[in-house]
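Please look through the sequence and the model below, and then follow the account from the overall chain layout down to individual residues.

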Amino acid sequence: MTSMEKRLQKELQAMTKDPPVGVKVNMESLSSNLSEWVVDIDGATGTLYEGEKFQLGFKFTPRYPFDSPQVMFIGRNIPVHPHIYSNGHICLSILTEDWSPALSVQSVCLSIVSMLSSCKEKKLPPDNAIYVRTCSKDPKKTRWWYHDNSV
Amino acid sequence: MGNCFKSSSNDDISLLRGNDHHDPALEPAPFVEPPPPYRPQQRMPIFHPSPGVSRPANQLTEDEQIKIAQRLGLINHLPTGKYDGTNKKAKECVICMNEFVFGDELRYLPCMHCYHRECIDDWLMRSFTCPSCMEPVDAALLTTYQTS
């Protein structure tokens with residue numbers, strides 16, 4: 001087993017044994033070497049996303065946790081949020097330049113849930129139209145420029 | 001023994017060249033293939049001059065080589081030790097998520113976070129920050145020099 005698999009195995013164990021509220025690993029989605037996961041996310045109660053269900057797709061390189069995972073919303077329901085593009089790409093610094101190997105699938109999911117929860121107005125990022133037309137398929141290739149941290 | 005003889009004969013070259021004039025039905029029963037020839041590979045170490053960039057040692061620019069050499073030097077200044085269970089707070093390495101076992105080689109950062117030496121060295125070559133508190137290691141190193 002590679003070090004990536006060993007670590008993901010541990011993370012999976014912890015997340016199935018003691019899952020955080022509103023975050024659930026979709027067991028059928030797991031590839032045999034754990035390099036791809038789908039995580040089901042519930043919009044938190046008392047927020048604009050209450051009652052909505054979302055899916056996050058995770059892809060890991062063999063260099064995980066030194067390399068950040070590729071994380072994006074997938075499926076039919078993409079949250080409308082100022083930092084989430086309509087193609088599912090998420091503008092969140094811990095997914096690229098602020099990644100640390102001490103972060104995990106769980107901590108990334110919780111950051112995304114809290115990013116949703118703190119949203120005050122459902123609207124698309126201002127540059128959504130042009131970004132979705134011109135971006136790479138891999139959000140990690142985007143040179144994000146973390147414009148505002150207030151939302 | 002038959003296999004040994006066969007694999008060392010010149011005939012396996014014709015096997016490698018494909019079956020164009022061989023009728024597969026006439027071929028002898030398949031034998032266990034000899035392992036691929038050993039090729040002394042000069043494995044280039046891979047470096048990560050900046051996060052997300054991976055390059056073999058022979059493709060680095062001069063600036064990157066200098067940066068890497070300096071980084072290696074700095075990392076070697078960070079204290080190391082063997083896990084002996086005395087530090088009750090540090091129980092596992094957050095990079096590999098394995099619990100420390102007696103005798104594991106550890107490295108201590110100036111912020112007092114510690115990791116398996118192998119795990120943290122790999123990270124520090126990419127980013128000179130503590131994975132747990134994100135404190136830049138070089139700034140902290142300088143202050144320890146100034147105060148001691």
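Helices and strands are taken here as DSSP runs, a helix having at least four residues and a strand at least two, numbered from the N terminus. On that basis the elements of chain B, from the N terminus on, run α-α-β-β-α-β-β-β-β-β-α-α, which comprises 5 helices and 7 strands. The model is a predicted one, and what follows should be read with that in mind.

Chain A has 3 helices and 4 strands, and along its sequence they follow the pattern α-β-β-β-β-α-α. Burial can be set beside this layout: of the 151 residues in chain A, 48% are buried, while in chain B 27% of the 148 residues count as buried. As for contacts between residues at least 6 apart in sequence, 59% of those in chain A join residues at least 24 apart, and in chain B residues 24 or more positions apart account for 36% of the contacts with a separation of 6 or more.

The aromatic residues offer a way into the interior. A pair of aromatic rings is described by the distance of the centres and the angle of the planes. Over all chains the count comes to 9 aromatic pairs. One of them is formed by A:Tyr49 and A:Phe54, whose rings are edge-to-face, with 6.1 Å from centre to centre and 70 degrees between the planes. A:Tyr49 counts as buried because its relative accessibility is 1%, under the 20% limit, and A:Phe54 is likewise buried, with a relative accessible area of 2%. In chain B, B:Tyr83 and B:Phe100 form a tilted pair, with centres 5.3 Å apart and planes at 40 degrees. B:Tyr83 sits in the loop between strand S3 (80-82) and strand S4 (92-93) of chain B, and B:Phe100 in the loop between strand S5 (98-99) and strand S6 (105-108), so the pair ties together parts that are 17 residues apart in sequence. Both B:Tyr83 and B:Phe100 are buried. Back in chain A, ring pairs link A:Trp37, A:Phe58, A:Phe60, A:Tyr64 and A:Trp99 into a cluster.

A:Tyr64, a member of that cluster, also precedes a cis peptide bond, the one from A:Tyr64 to A:Pro65, where omega is near 5 degrees. A:Pro65 belongs to the loop between strand S3 (53-59) and strand S4 (70-74) of chain A.

Enclosed space comes next. There are 2 cavities of 30 Å³ or more, and the largest holds about 50 Å³ of space. Its lining is made up of A:Pro69, A:Gln70, A:Val71, A:Ile90, A:Leu92, A:Leu95, A:Thr96, A:Pro139, A:Lys140 and A:Trp144, residues that divide into 7 nonpolar, 2 polar and 1 charged. The second largest cavity holds about 40 Å³ and is lined by B:His48, B:Pro49, B:Lys67, B:Ile68, B:Arg71 and B:Met125; this lining divides into 3 nonpolar, 1 polar and 2 charged residues.

Where does B:His48, one of these lining residues, lie in chain B? B:His48 is found in the loop between strand S1 (46-47) and strand S2 (55-56), and it counts as buried because its relative accessibility is 9%. The side chain of B:His48 makes two polar contacts described here, one with the side chain of B:Ser54 at 3.1 Å and one with the side chain of B:Arg126 at 3.0 Å. Leaving aside neighbours within four places in sequence, B:His48 is in contact with A:Arg63, B:Val53, B:Ser54, B:Met125 and B:Arg126, a list that includes a residue of chain A.

Another buried residue of chain B is B:Asp121, at 18% relative accessibility, which lies in helix H4 (residues 117-124). Not counting residues up to four places away in sequence, B:Asp121 touches B:Ile75 and B:Arg107.

Two backbone features of chain B remain. B:Met112 has a positive phi of about 80 degrees although it is not a glycine; it is found in the loop between S6 and strand S7 (114-116), and it is exposed, with a relative accessible area of 62%. B:Met134 also has a positive phi, near 65 degrees. B:Met134 is found in the loop between H4 and helix H5 (137-147) and, at 37% relative accessibility, counts as partly exposed.

Methods. Residues are numbered from 1 along each chain as its sequence is written. Chains are lettered from A and ligands numbered from 1 in the order in which they are written. Side-chain values use heavy atoms; hydrogens and water are left out. Buried means under 20% relative accessible area, exposed over 50%, partly exposed in between (1.4 Å probe, protein chains only). A polar contact is a pair of N or O atoms within 3.5 Å; within protein, one must be able to donate a hydrogen and the other to accept it, and residues adjacent in sequence count only if both atoms are side-chain atoms. Contact means heavy atoms within 4.5 Å. Rings of Phe, Tyr and Trp (its six-membered ring) pair if their centres lie within 6.5 Å; planes under 30 degrees apart count as stacked, over 60 as edge-to-face and the rest as tilted. On a 1 Å grid over the protein atoms alone, a cavity is a set of points where a 1.4 Å probe fits but cannot get out, and a pocket is an open set with protein on both sides within 12 Å along at least five of seven lines; lining residues have an atom within 4 Å of a point. Grid points are joined across faces, edges and corners, and a volume is the space filled by probe spheres set on the points. Ala, Val, Leu, Ile, Met, Phe, Trp, Tyr, Cys and Pro count as nonpolar, Asp, Glu, Lys and Arg as charged, and the others, Gly among them, as polar.
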